[in-house]
Amino acid sequence: MTALLTLTVLVLVGIAIWQMTKIFELSQVKTAENTEIANDTDNKYNGYLLFAFLIFIYGITIFSFAKYSKVLLPEASSAHGGEYDQLMWVSFGIIFFVQTITQALLHYFGYKYRGEKGKKALFFADNDRLEFIWTIIPVIVLAGLILWGLYTWTNIMDINDEDDPLIVELYAQQFNWTARYGGQDNVLGEASVRLIDINRANVLGLDEADPNGEDDVIVKELHLPVGRKVNFMMRSQDVLHSAYMPHFRAQMNCVPGMITQFSFTPTVTTEEIRLNPDVVDKVKRTNALRAEWAAEGRPNSEPWEFDYVLLCNKICGKSHYNMQMKIIVESEEEFNKWLAEQKTFKETVMVDDQEQAFNTNDGVAVEPEAEATN
Ligand SMILES: [Cu+2]
């Protein structure tokens, strides 16, 4: 209500100012010097203003680079990430170079050829050579970028079973992620949304008749072995979600009713990325802020440690912002040890209400009722 009243008052004030300006204009005596046609002085001022604007856009560009470069992602932690970043930086570089030169020319010519009494513009219909130059250069540059982009994309999206990839299912639902591993055989059991049985903690709808599913491992924390290719199979239970793993330069939509795929090889372990200078700096800055919060007694102020994260990158509902899962990249041995410690689907699917539902981070059983309200 207050917002509506404030808005009404603002609109009314706006109308009043507009009306007053009109009255003021009408009351001005029109003389020869006081016309609405720009004279030499007006044109000169506008010319200088163009220069001022040019300095402003260069200034704000330099300022943004200096102040906000630190919020960029650290170096990529996946095998394809370097190629992806290179494409982005080359595109950025070309755009930055062209924009710096064209803006300078645009504003300089705006000033140089400003209106002056007695000055007449030169008219010519066309110039074939000029038109050729300013058509062919962008065509070559853009075609190059597009071809390079297509080549990179095809390389990244070449999902195959070569090199014995680890098969992981990412299951999205409002508003959390669940991961499933194929277990010892690395083969995922059949699953369908129709087979979900919350009361028995079959939260992903695994087909209990499929022997491949028996040793599947369902978890709430994604562990990946470094240096081994991972093929992700994504499903969604309800709406469009998007599995986004920014540090690995990976993103794929999760679409209800179908399985989508993405594949990458993690190359940097969690332990190693924590030593990356950019990450160290980010953690330091965040913890300085958190220390201030702690002094004020605000929540979420305990010191933070960097972890890779899987986020949702489609606005899928009110808690979309918090739809995330921790990712841990570790050595093959650590990964195998961790996987062996997890209970399999056969062990966790509920036989009675007293059993643990499925693997949770702290080993606390998920209440079937709590799960059902999700
Ligand atoms: Cu989502």
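Two strands count as paired here if DSSP finds at least two bridges between them. By that yardstick, strand β9 (residues 308–312) and strand β10 (residues 324–330) make a pair in this predicted model: they run antiparallel and are joined by 4 bridges. Within the pair, Tyr-308 has Ile-327 of β10 as its bridge partner.

β9 and β10 belong to an open sheet of 5 strands, which reads β4-β10-β9-β6-β7 and has mixed pairing. The edges are taken by β4 (222–225) and β7 (250–254); each has a single partner strand, so one side of each is left without a neighbour in the sheet. From one strand to the next, the twist averages 25°. Helix α7 (residues 332–341) packs on this sheet, where it touches β4 and β10. The direction of α7 makes about 140° with that of β4.

Then there is another open sheet of 5 strands, with the order β3-β2-β1-β5-β8 and, again, mixed pairing. Here the edge positions go to β3 (217–219) and β8 (260–264), and since each has a single partner strand, one side of each is left without a neighbour in the sheet. Neighbouring strands are turned by 25° against each other on average, direction ignored.

Strand β1 sits between β2 and β5 in that order, and the two pairings run in opposite senses. On one side, β1 pairs with strand β2 (residues 176–181) in the antiparallel sense over 6 bridges, and a hairpin of 2 residues links the two. On the other side, β1 and β5 run parallel and are joined by 7 bridges. Leu-170 shows up in both pairings: its bridge partner in β2 is Ala-179, while in β5 it stands opposite Met-234. Moving outward, β5 (residues 230–236) pairs with β8 in the antiparallel sense over 5 bridges, and Met-233 stands opposite Gln-261 in β8.

How much of β1 is buried? Most of the strand is covered, with 7 of its 8 residues buried. That goes along with its part in the largest nonpolar core, which has 43 residues: strand β1 (residues 166–173) gives the most to this core, with 5 residues. The members that touch the most others are Leu-170, Ala-172, Trp-177, Phe-232, Met-234, Ala-243 and Ile-327. Ile-327 is the β10 residue already met as the partner of Tyr-308.

Met-234 deserves its own look. Leaving aside neighbours within four places in sequence, Met-234 is in contact with Leu-170, Ala-172, Ala-243, Met-252, Cys-254, Ile-259, Thr-260 and Gln-261. Among these, Leu-170, Ala-172 and Ala-243 are also on the list of core residues that touch the most other members.

The earlier part of the chain is another story. An unreviewed UniProt entry places the feature "transmembrane region" at residues 6–24, 45–66, 86–111 and 132–151. In the model, residues 6–24 are 100% helix and 0% strand, with the end C-alpha atoms 27 Å apart. Residues 45–66 are likewise 100% helix and 0% strand, and here the end C-alpha atoms lie 31 Å apart. The unreviewed entry also places the feature "domain: Cytochrome oxidase subunit II transmembrane region profile" at residues 65–160. Over that span the chain is 68% helix and 0% strand, and the end C-alpha atoms are 39 Å apart.

How values were computed. Residues are numbered from 1 along each chain as its sequence is written. This is a predicted model: local features need pLDDT of at least 70, side-chain atom pairs count only at pLDDT 80 or more; totals for chains, interfaces and linings use all residues. Axes are lines fitted to C-alpha atoms, for helices over the stretch in contact, and angles run from 0 to 180 degrees between N-to-C directions. UniProt positions are given in the numbering used here, feature names are shortened, and annotations may be inferred rather than shown by experiment. A nonpolar core is a set of buried Ala, Val, Leu, Ile, Met, Phe, Trp, Tyr and Cys residues joined through C-beta atoms within 7 Å. A residue is buried if 20 or more other C-beta atoms lie within 10 Å of its own, exposed if 12 or fewer, and partly exposed in between; C-beta atoms are placed from the backbone. Two residues are in contact if their C-beta atoms, placed from the backbone, lie within 7 Å.
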